[in-house]
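Colleague: Could you walk me through this model with me, starting broadly and then settling on one part? I would enjoy the details, cut-offs included.

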Amino acid sequence: MSRNIIEVLRQGTAFGELMQCISEKKLPLTVTGVSANARPYFAEALAQAGEKTIVFVCSTEQAARDYAAACGEGAVLFPDNDLSLRSVEAKGREGEMERIRVLKNANREKLAFMSVRAAITRVLPKNAFNAACFELRAASRYDMRELLQNLVASGYERAGTVYSKGEFAKRGEILDIFPSDSASPIRITFFDDEIESIRHFDTETQKSASKPLKSYTLPPATEVILTEEARAGILSYLKAQPPEYERVVGDIIYEIEEYSSFEIADTFLSVMYSVASVFDYFPDAYFMFDDFDRINAEADRIITEFHDQHARLLASKEAFPEQKDSLLRFAAVCGGIDGRLIDIGDYTKGGLRTTCEVDMGIRSAAGFSGRFELLANSVKERMEHGFKVYLFAGDRAEGLSSALDDFDLNAP
């Protein structure tokens, strides 16, 4: 179904006009006439038609998740990071692992969806992230002690047996690692200090895949890397805090010394690193906004809410001043991408000046409250006016197709 819709979109005159605006660098541009249901397919059509990645920004994570799901394997989701200003009960790491996977493969992705919250959340600078990735290559020699130290410094946790992403285990000359970006762990067999083979394996059966890998580039298993410089920076900052912070500071320093990291490190990036957003990982991408003005307003709301929470915790000495900078201003994040910005929305814009406007002519229908005769009549009317009609029905598609047959409408 999605392939059919994408083909129809790409064959239309309006899509040709859009591609011409892009090729002539008439950006930022506004695209109208794209109904909400059609937007993920429109983004996918644009990603397939061009050579550059499309980063699609939605107002909420749920919208981004729904759009990514509609595109299937043709897209990835960069999930929100639910920042916590103080230590809380351990939270799941699935979202963190997925964000790391997207950051590692950003230069190879064709289509990525994310919320505005994800877009304005501070991340590790790209050069620091890349420096934390290291390649394991068959027939190459490695110092095992140094390799294990690198794993710990990159956020991997030692375990007896590997079951989850971010774990590693060593038994004799076998090193098992579950990369943060992989669906299955890898087993590295050594002969002395030389890698003899690298293979994926099954965590349940412990059986290795028959086909060996020539190499594997291992990304970090944490979003915040404490390099020597970063570690010195955060320790210096913490030790300079007034006595009222003594207990909280003591807990964080203990975590750093014991685990080479600490739970709320992602809210102290401003102390350790230069400013960076996820947009920096897509230097050549086109950025598509699901109504730029609405997203801008949502960013302001999110930041205000976060700053209010920070002010309350700061007053009770449960948060630190620099944690306020964990979210970036929307204007700062968008700075420098005007020449790669596509807005989906209305012609009349308050916060964005565009140089080109294209109407795709996709129209959605109102609900029919289960009355098939109204739906059938609407479909017939649209077809008579030259529209191509696609019905998004999910798991009800088969029943809907059968019902429309009774109205002499062939809807396979």
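Colleague: Among contacts between residues at least 6 apart in sequence, what percentage join residues at least 24 apart? After that, please take a close look at the cysteines, and tell me what lies around them in the chain.

Modeller: Happy to! This is a predicted model, in which local features need pLDDT of at least 70 and side-chain atom pairs count only at pLDDT 80 or more, while totals for chains, interfaces and linings use all residues. Residues are numbered from 1 along each chain as its sequence is written, and side-chain values use heavy atoms, with hydrogens and water left out.

On your first point, the share is 71%, a contact being heavy atoms within 4.5 Å. The chain behind that figure has 15 helices and 14 strands; these are DSSP runs numbered from the N terminus, with at least four residues (H or I) for a helix and at least two (E) for a strand. Its C-alpha trace spans about 70 × 55 × 45 Å along the principal axes. Of its 412 residues, 48% count as buried, where buried means under 20% relative accessible area, exposed over 50% and partly exposed in between, with a 1.4 Å probe and protein chains only.

Now to the cysteines. If a disulfide is a pair of cysteine sulfur atoms within 2.5 Å, the count comes to one. Cys-21 and Cys-356 make that pair, with their sulfur atoms 2.1 Å apart. Two distant parts of the chain are linked in this way: Cys-21 sits in helix H2 (residues 13-23) and Cys-356 in strand E14 (residues 356-359), 335 residues apart. Both partners are buried.

Why do Cys-58 and Cys-71 not pair up? The sulfur of Cys-58 has its closest cysteine sulfur in Cys-71, and because 10 Å lies between them, that is too far for a bond. The reverse also holds, as the closest cysteine sulfur to Cys-71 is the one in Cys-58. Cys-58 has 0% relative accessibility, so it counts as buried, and Cys-71, at 7%, counts as buried too.

Following the chain from the helix that holds Cys-21, we come to the loop between H2 and strand E1 (29-32), where Pro-28 lies. The peptide bond from Leu-27 to Pro-28 is cis, with omega near 0 degrees. That loop is also the place of Lys-25, which has a positive phi of about 60 degrees although it is not a glycine. With 66% relative accessibility, Lys-25 counts as exposed.

A residue elsewhere makes a good companion to Lys-25. Gln-206, again not a glycine, has a positive phi of about 65 degrees. Its loop runs between strand E10 (194-200) and strand E11 (215-218), and its 27% relative accessibility makes it partly exposed.

One last stop is the enclosed space. Taking a cavity as a set of points on a 1 Å grid over the protein atoms alone where a 1.4 Å probe fits but cannot get out, the structure holds two of 30 Å³ or more. The largest has a volume of about 60 Å³, a volume being the space filled by probe spheres set on the points, which are joined across faces, edges and corners. Its lining residues, those with an atom within 4 Å of a point, include Asn-81, Arg-122 and Asp-266. The second largest cavity holds about 40 Å³, and among the residues lining it are Phe-78, Asn-81 and Arg-122.

Methods
1 Å grid on protein atoms, 1.4 Å probe; cavity = no way out; pocket = protein on both sides within 12 Å on 5 of 7 lines; lining within 4 Å.
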